[in-house]
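Visitor: I have a protein model here and some words that I would like explained. Could you walk me through them?

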Amino acid sequence: MLDDLKKQASIAALEAIKDGMIVGLGTGSTATHFIRELGVRVQAGLRVHGIPTSEESRKLAVEVGIPLTTLREHPIIDVTVDGADEVSDGLDLIKGLGGALVREKVVAHASKKVIIVVDETKLTGRLGVKAPIPIEVVPFALEVARGQLILWGGEAKLREKEGKPFLSDNGNYILDWWHGPIDQPWALEKQIKGVTGIVDSGIFANVASQVIAATSAGIRKLQRAE
Ligand code: 5RP
């Protein structure tokens, strides 16, 4: 059921993809639906180039036949389609439970338009009510960064995979910071970014242009207020 909603949201995002565009390809189960559907359109003749936000998405894009390019060749992306873990009423986001937050943020910031595709469970009103804030940190700085986060409050747990620290595509660790509800996402994002050794956080404030949420009552398109 949820997976079906994720697929519906992804299909609705295809409307924004036009011939000749450079398209940012997100990461995660919802973005996977989008990449597969885009692959079908490419096989049918749509001409686009993709810029993936992770190794996982790169492999999938190759598998489904989407031609790829790089930020070096195309530093401006027409549109990016990606998922999210939480979406606030103001369309700020928490992302990164899939571990790709840094590349996702780089690609989003390089995009003229960012479309976020989610199922209805991701619309949380406020941020920080369900998900931790993923924080990518260079391994050398792990304990310094963790100490600073704990001083600010909450728990910061090193993410693990198969009993070992999870490594991002950039070779860094992820701390999952259980901060609690966030009043000012933009201010907290900036505060976290100010810690030396932290590469970036999964708070994406003022980034989404549009959120497409698939609900049991149909598709909702939420537009960022200018
Ligand atoms: C990966 C992400 C994903 O977009 C986010 O975790 C949502 O994933 P899913 O679509 O599988 O629920 O930020 O780093």
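Guide: Here is a short conversation about how some labels are earned in this structure. This is a predicted model, where local features need pLDDT of at least 70 and side-chain atom pairs count only at pLDDT 80 or more, while totals for chains, interfaces and linings use all residues. Residues are numbered from 1 along each chain as its sequence is written, and side-chain values use heavy atoms, with hydrogens and water left out.

Visitor: Why is Ile51 called buried?

Guide: Buried means under 20% relative accessible area, exposed means over 50%, and partly exposed is in between, using a 1.4 Å probe and protein chains only. Ile51 has 4% relative accessibility, so Ile51 counts as buried.

Visitor: Where does Ile51 sit, and what does Ile51 touch?

Guide: Ile51 belongs to strand β2, residues 49-52. Strands are DSSP runs of E with at least two residues, helices are runs of H or I with at least four, and both are numbered from the N terminus. Leaving aside neighbours within four places in sequence, the contacts of Ile51 include Ile22, Leu25, Leu71, His74 and Val107; contact means heavy atoms within 4.5 Å. Leu71 is 20 residues away along the chain, yet the two C-alpha atoms are separated by 7.2 Å.

Visitor: What makes the pair of Ser29 and the ligand a polar contact?

Guide: A polar contact is a pair of N or O atoms within 3.5 Å; within protein, one must be able to donate a hydrogen and the other to accept it, and residues adjacent in sequence count only if both atoms are side-chain atoms. A polar side-chain atom of Ser29 is 2.5 Å from a ligand oxygen, so this pair falls within the 3.5 Å limit. A backbone N or O atom of Ala100 is 3.1 Å from an oxygen atom of the ligand, and for a polar backbone atom of Gly98 the distance to a ligand oxygen is 3.4 Å.

Visitor: How much of the ligand does the protein bury?

Guide: The protein buries 91% of the 380 Å² that the ligand exposes when taken alone. These accessible areas come from the Shrake-Rupley method with a 1.4 Å probe; for residues, only the protein chains shown count as cover.

Visitor: Why is Asp92 called buried, and what does its side chain reach?

Guide: Asp92 has a relative accessible area of 11%, so Asp92 is buried. Asp92 is in the loop between β4 (86-88) and β5 (93-94). A polar atom of its side chain lies 2.8 Å from the backbone nitrogen of Asn206.

Visitor: Why is Asn206 called partly exposed?

Guide: Asn206 has 49% relative accessibility, so Asn206 counts as partly exposed. Asn206 lies in the loop between β14 (203-204) and β15 (210-215).

Visitor: What is noted about the phi of Asn206?

Guide: Most residues other than glycine have a negative phi. Asn206 is not a glycine, but has a positive phi of about 55 degrees. Glu162, also not a glycine, has a positive phi of about 50 degrees.

Visitor: Is Glu162 buried or exposed?

Guide: Glu162 has 74% relative accessibility, so Glu162 counts as exposed.

Visitor: And what makes Arg159 buried?

Guide: The relative accessibility of Arg159 is 12%, so Arg159 counts as buried. A polar atom of the Arg159 side chain is 3.0 Å from the backbone oxygen of Leu97.
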